[in-house]
Amino acid sequence: MSDWISKHPGGEFFIGRTKNRDITSIIGSYHRDPEKIARMIERYSLGRNAVPEDIHPKNNAPDFLFKEDFNSWDDTPKYTFDDKNDLLHAVKARLKEPDLAARLKRMDRIFDIVVGVLIVAYFAVQGLRLYDTSWMPLPVFVIAMVLLRSSLAGFGHYAIHRAQKGLNKYAVNAFDMNYVALSFVTADGHALLHHPHTQSEVDIKKNVFTMMMQVPRLYRVPVHTVHKFGHLLTGMIIRLLDVCRLTRKVGIKDMYGTWRGALPHFIGSFGVRFLLVAEFVVFTIAGDFWAWALQFVITLWISTFMVVASHDFEIPTDDLPHGDTEDWAVNQLEQAYDLTVVGNKYVDCFLSAGLSSHRVHHVLPFQRSGFANIATENVVREEAAKFGVQWLPAKSFFGDRFPKLCRTYLLAPSNEAVANRWGFVREHCAPSALKTCVVYTAQGFTGIGTV
């Protein structure tokens, strides 16, 4: 499909990233009419069945994202999307209702207007703090920045799911605003690996956030915080330069079609990285380093747990319900939570980085905004009930998920301690454990472990 990359209505990015992958689930879930898409791509068929040699064993992605013995041909879940009586077809049929279709477009516009207001507020809060600290006291500044960064990351979350065309190629990098990830890389892992194959071995979310578990538990928070500060300062930029090198090595034709298609993504990503570093530099020069540092630490940890709060990543996949169902949409509903922060879905849509109507988002990942997902929730709930899927109430992030995730990711012994059956003292004093802390810290500044 190389010759068709630049013609893809969803943008060049998604086609280029899926080279040598099984994209059956992506075509079936991300398109309103996958049957029409299937007829179109038949023109690009090789005229034979796929064989293992056609599929890259690690999905053309970094090896560290998958378990050691992962093989894409065997471990990618197989779903069929040609059953007109399945849940996904039932929901998509309802979306064609004129009144609902018009409402969804209206909700997308309102969502974008709110984002515009949040962008203005983001720069205004920092400007007021730098101009006169009495106008923006420290507690107010920190709380405002944590909320705004999560909200803008929520917009970036949906920008990742939109067609990668026009201004959205720049806007997608708003996903970086909460310090957790590099959207230029995460767009692939999130939209193309996590969503179509949730909770499977292909889902990189299962593995990426367990990297901090290498570090002894008492050192985990400070070491991971410095690790992520390294990502902010130099690591993410080094990773971006590496992506540029790989793009040139693979060939711009196979990745984007043309440089014209690629440059907006690169410019937007470098632009956001330099913005985040510039904020740190400006606050440090202004003598207000600790205000910046406090909002950095709180944003980082809340956002890190927010990323994994909407699924049961701490529970083995085999223990999850409907893990073997052939109905893709049922599987998605059973594997996802809705989250609540303050109790209002529209506010929580931003405070939870787009996860307040998360179950709908997983059934309809092509919808352009969290507000559209909220407007679709009744439809998905009604159709799901016909398939025997129980619609569970939203889980409280701070009241339910946050404490459980703290126990899983902060209080559990390190991987090395578990493997060697070490006690608490040896876990923290063994030379290899101390070396792990040093190496993990350094890796942050070099871009290793960056997602």
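UniProt annotations may be inferred rather than shown by experiment. With that in mind, the unreviewed UniProt entry places a "domain: Cytochrome b5 heme-binding" feature at residues 1-48. The structure discussed here is a predicted model. In that model, 44% of the span 1-48 is helix and 0% is strand, and the C-alpha atoms at its two ends sit 15 Å apart.

The last residue of that span, arginine 48, makes a good starting point for the charged contacts. Arginine 48 pairs up with aspartate 54 in a salt bridge, and the closest N and O atoms are 2.9 Å apart. How covered is arginine 48? Its relative accessible area is 48%, so arginine 48 is partly exposed; the label "exposed" would need over 50%.

A little further along comes asparagine 59, in the loop between helix 3 and helix 4. Its phi angle is near 60 degrees, which is a positive value in a residue that isn't glycine. Asparagine 59 is also buried, because its relative accessibility is just 3% and the cut-off for buried is under 20%. Tyrosine 179 tells a similar story: its phi is near 70 degrees, again positive in a residue other than glycine. Tyrosine 179 belongs to the loop between helix 8 (168-171) and helix 9 (183-194), and with a relative accessible area of 3% it counts as buried.

Next come the aromatic rings. Across the whole structure, a search turns up 33 aromatic pairs. In one of them, tryptophan 4 and tyrosine 44 have ring centres 6.2 Å apart and planes at 45 degrees, so the pair is tilted. These two partners come from distant parts of the chain, 40 residues apart: tryptophan 4 is in the segment before helix 1 (12-17), and tyrosine 44 is in the loop between helix 3 (34-41) and helix 4 (72-75). Are the two partners buried or exposed? Tryptophan 4 is buried, at 11% relative accessibility, whereas tyrosine 44 is partly exposed, at 31%.

Another pair, phenylalanine 111 with phenylalanine 371, is edge-to-face, with 5.4 Å from centre to centre and 85 degrees between the planes. Here the link spans 260 residues, joining helix 6 (residues 98-131), where phenylalanine 111 sits, to helix 18 (residues 370-386), home of phenylalanine 371. Both rings are tucked away: phenylalanine 111 is buried at 0% relative accessible area, and phenylalanine 371 is buried at 5%. Aromatic residues also gather in a group, with Tyr179, Phe229, Phe280, Phe289, Trp290, Trp292, Phe296 and Phe445 forming one aromatic cluster. So the tyrosine 179 with the positive phi turns up again as a member of that cluster.

Helix 18 shows up in the salt bridges too. The whole structure holds 18 salt bridges. In one, glutamate 382 meets arginine 94, with 3.1 Å from N to O. Glutamate 382 is in helix 18 and arginine 94 is in helix 5 (residues 87-95), so this contact ties together parts 288 residues apart in sequence. Glutamate 382 itself is partly exposed, with 41% relative accessible area. The contact isn't on its own, either: Arg94, Glu97, Glu382, Glu383 and Lys386 are linked in a network of salt bridges.

Within helix 18, arginine 381 and glutamate 377 form a salt bridge at 2.9 Å, N to O. They are four residues apart, about one turn of the helix. An α-helix has 3.6 residues a turn, so residues three or four places apart point the same way. Even so, the two partners fall in separate accessibility classes: arginine 381 is partly exposed at 29%, while glutamate 377 is buried at 5%.

That leaves two other helices. Helix 7 (residues 138-161) has 24 residues and reaches 35 Å from its first C-alpha to its last, close to the expected 34 Å. Most of helix 7 is covered, with 19 of its 24 residues buried. Helix 13 (residues 259-285), on the other hand, takes part in a surface feature. Leu167, Tyr170, Trp259, Leu263 and Ile267 make up a nonpolar surface patch, with about 540 Å² of accessible area together. Which helix gives the most to this patch? Helix 13 does, with three residues. One residue of helix 13 is leucine 263, which counts as partly exposed at 41% relative accessibility.

Conventions
Residues numbered from 1 in each chain as written. Predicted model: local features only at pLDDT ≥ 70, side-chain atom pairs only at ≥ 80, totals over all residues. Heavy atoms only, no water. Patch = residues over 30% accessible without salt bridge, like charges linked within 9 Å, V, L, I, M, F, W, Y side chains within 5 Å. Areas by Shrake-Rupley, 256 points an atom, 1.4 Å probe, with all protein chains shown as cover. Salt bridge = Lys/Arg side-chain N within 4 Å of Asp/Glu carboxyl O. Buried < 20%, exposed > 50% of the residue type's maximum accessible area, 1.4 Å probe, protein only. Expected span 1.5 Å × (residues − 1). Phe/Tyr/Trp six-rings, centres within 6.5 Å; stacked < 30°, edge-to-face > 60°.
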